[in-house]
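The paragraphs that follow lead through one protein model, from charge pairs to surface patches and then to single residues in loops and helices. Please keep the sequence and the structure in view while reading.

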Amino acid sequence: MAGLTFIDYLNSVEKTKKKDIRALTKDQLRDFFVTQGDKAFRGNQVYEWLWHKGAHSFEAMTNVSMETRQLLDAHFVINHIKVDQMQRSSDGTIKNAVQLYDGLIVESVLIPTKTRTTACVSSQVGCSLDCRFCATSRLKRMRNLNPDEIYDQVVAIDNESRLYFDRKLSNIVFMGMGEPLMNYNNVLKAIEMITSEEGLGMSPKRIIVSTSGVPKLIKKMADDAVKFKLAVSLHSAIDEIRTSIMPFNATFPLKDLREALQYWYAKTKSRITYEYVVWEGINDTQNDANALVDFCKFAPSKVNLIEYNPIDDGEFQQASNAAIEMYVKTLERNGITVTVRRSRGKDIDAACGQLANKS
Ligand code: SAH
């Protein structure tokens with residue numbers, strides 16, 4: 001309680017008793033008004049303010065009566081995120097440090113290109129996985145983000161895109177902090193609002209969920225008939241090597257991942273993207289590239305070779321250009337689409353795997 005007055009303390013206790021209003025579905029909000037002796041329709045009006053119009057407070061709901069706003073205030077809070085700090089890279093990339101209602105921080109990134117603005121959003125505070133090359137894995141997983149906290153990151157980046165680049169957000173990648181599939185329900189709810197006309201109305205085809213590969217949940221996504229795209233952080237198609245850099249591969253080996261991806265493709269007919277970093281002395285041989293080719297044959301897929309973004313301790317080194325060239329040639333010879341991705345926002349630690357709240 002250091003630094004807090006007793007009144008602050010009482011207020012915070014009071015606040016925690018109130019429910020996050022955006023945890024309610026539209027029907028639940030309509031029911032709330034009916035139980036309060038009001039019309040169900042009031043629920044629709046408030047719902048629109050909360051999502052489509054992005055109100056940060058009940059006072060902002062100008063066409064709602066004072067009485068109703070007071071009623072809402074007595075029962076609920078709006079746990080809106082706060083962009084605590086914004087950093088701009090020399091290449092135009094923007095990184096937001098986002099403060100959550102309980103004081104925890106996550107990061108999200110705006111990546112501009114000539115024709116697009118992509119939002120890279122976080123799904124968890126910290127991460128429970130242990131990929132040895134990723135800065136986020138060094139933070140303990142504190143909690144899952146709520147759907148509204150994911151949604152707000154997207155809205156914040158859309159606003160920045162309009163302000164700084166004079167265009168709206170075009171794409172979203174779940175490649176920030178956390179493992180999206182370990183927060184399955186909330187990530188899907190957030191995407192539902194992002195794609196709904198009652199939210200941001202974005203096309204699911206412009207959303208990519210990236211996972212380290214949790215086979216059961218990849219199958220569940222296929223069963224749930226999701227419409228967004230899937231990316232898998234593969235980094236090696238040889239179990240022994242993959243387990244050495246992504247230890248959870250011991251629990252979810254490549255055989256299970258492969259089977260889940262075949263299931264995914266059979267159900268969704270949506271091509272899979274494999275993210276892959278080539279490291280010196282780890283996965284830079286012809287044998288590694290051949291194993292990747294074999295893995296790619298199980299389901300229609302393409303490969304993104306991504307640049308390694310050093311995370312300080314020098315244990316991992318980006319492979320030589322010759323090794324990357326060898327991968328590209330091997331994949332192309334086998335008819336597999338491959339792109340080589342340059343990193344963005346490296347100077348502000350905003351690139352893949354660098355998000356770790358250094359600020
Ligand atoms: N947990 C999800 C979402 C994170 S996405 C996943 O693993 O897919 C972040 C992407 O950046 C993943 O492909 C991850 O493997 C990759 N990555 C992590 N650390 C990196 C680093 N230091 N340099 C380059 N890419 C990295």
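Does R143 count as buried or exposed, and what is its relative accessibility? The model is a predicted one, and in it R143 counts as buried because its relative accessibility is 13%, a value that falls under the limit of 20% used for that class.

The surroundings of R143 are a good place to begin with the charge pairs. The side chain of R143 meets that of D102 in a salt bridge, with 2.8 Å from N to O. This pair links distant parts of the chain, since R143 belongs to strand β8 (residues 143-144) while D102 sits in the loop between β4 (94-99) and β5 (105-112), and the two positions lie 41 residues apart in the count along the chain. D102 is classed as partly exposed because its relative accessible area is 37%. R143 also meets the side chain of E149 in a salt bridge, at 3.0 Å from N to O, and in this case both partners, E149 and R143, are buried.

In general, side chains of opposite charge can pair when their charged atoms come close. A search of the whole structure finds 16 salt bridges. One of these joins the side chains of R22 and D152, at 2.7 Å from N to O, and it links distant parts of the chain: R22 is in the loop between β1 (19-20) and α2 (26-35), whereas D152 is in helix α5 (residues 147-165), 130 residues apart. Both R22 and D152 are buried.

From the charge pairs the account turns to the surface. Eight positively charged residues, R116, K168, K205, R206, K227, K229, R271 and R341, gather there in a patch of positive charge. R206, one member of this patch, is found in the loop between α6 (184-195) and β10 (207-211), and it is classed as partly exposed because its relative accessible area is 40%.

A patch of another kind is formed by V83, M86, L163 and Y164, which make up a nonpolar area on the surface with about 350 Å² of accessible area together. Two elements, β3 (82-88) and α5, each supply at least two residues of this nonpolar patch. L163 is found in helix α5, and it counts as exposed because its relative accessibility is 63%. Helix α5 is therefore a place where two descriptions meet, for it holds L163 of the nonpolar patch and also D152, the partner of R22, which is buried while L163 counts as exposed.

Two residues deserve attention for their backbone. Most residues other than glycine have a negative phi. A225, however, has a positive phi of about 55° although it is not a glycine, and K269 likewise has a positive phi, near 55°, in a residue other than glycine. A225 is found in the loop between α7 (215-223) and β11 (229-233), and K269 lies in the loop between α9 and β12 (272-276). A225 is classed as partly exposed because its relative accessible area is 43%, whereas K269 is exposed, with a relative accessible area of 56%.

Helix α7, which comes before the loop that holds A225, contains K220. K220 is partly exposed, with a relative accessible area of 35%, and its C-alpha atom is separated by 9.8 Å from that of Y263, a residue that is 43 residues away along the chain.

The last stage of the walk concerns polar side chains in buried positions. Where is N249, and with which side chain does it make a polar contact? N249 is found in the loop between α8 (239-245) and α9 (254-268), and its side chain makes a polar contact with the side chain of R242, at 2.9 Å. N249 counts as buried because its relative accessibility is 1%. Q45, for its part, has its place in helix α3 (residues 41-50) and also counts as buried, with a relative accessibility of 12%. The side chain of Q45 reaches the backbone oxygen of N63 at 3.3 Å.

How values were computed: Residues numbered from 1 in each chain as written. Predicted model: local features only at pLDDT ≥ 70, side-chain atom pairs only at ≥ 80, totals over all residues. Heavy atoms only, no water. Patch = residues over 30% accessible without salt bridge, like charges linked within 9 Å, V, L, I, M, F, W, Y side chains within 5 Å. Areas by Shrake-Rupley, 256 points an atom, 1.4 Å probe, with all protein chains shown as cover. Salt bridge = Lys/Arg side-chain N within 4 Å of Asp/Glu carboxyl O. Lys, Arg positive; Asp, Glu negative; His and termini not counted. Charge placed at Lys NZ, Arg CZ, Asp CG, Glu CD. Helix = DSSP H or I, 4+ residues; strand = E, 2+ residues; numbered from the N terminus. Buried < 20%, exposed > 50% of the residue type's maximum accessible area, 1.4 Å probe, protein only. Polar contact = N/O pair within 3.5 Å; in protein donor to acceptor, adjacent residues only side chain to side chain.
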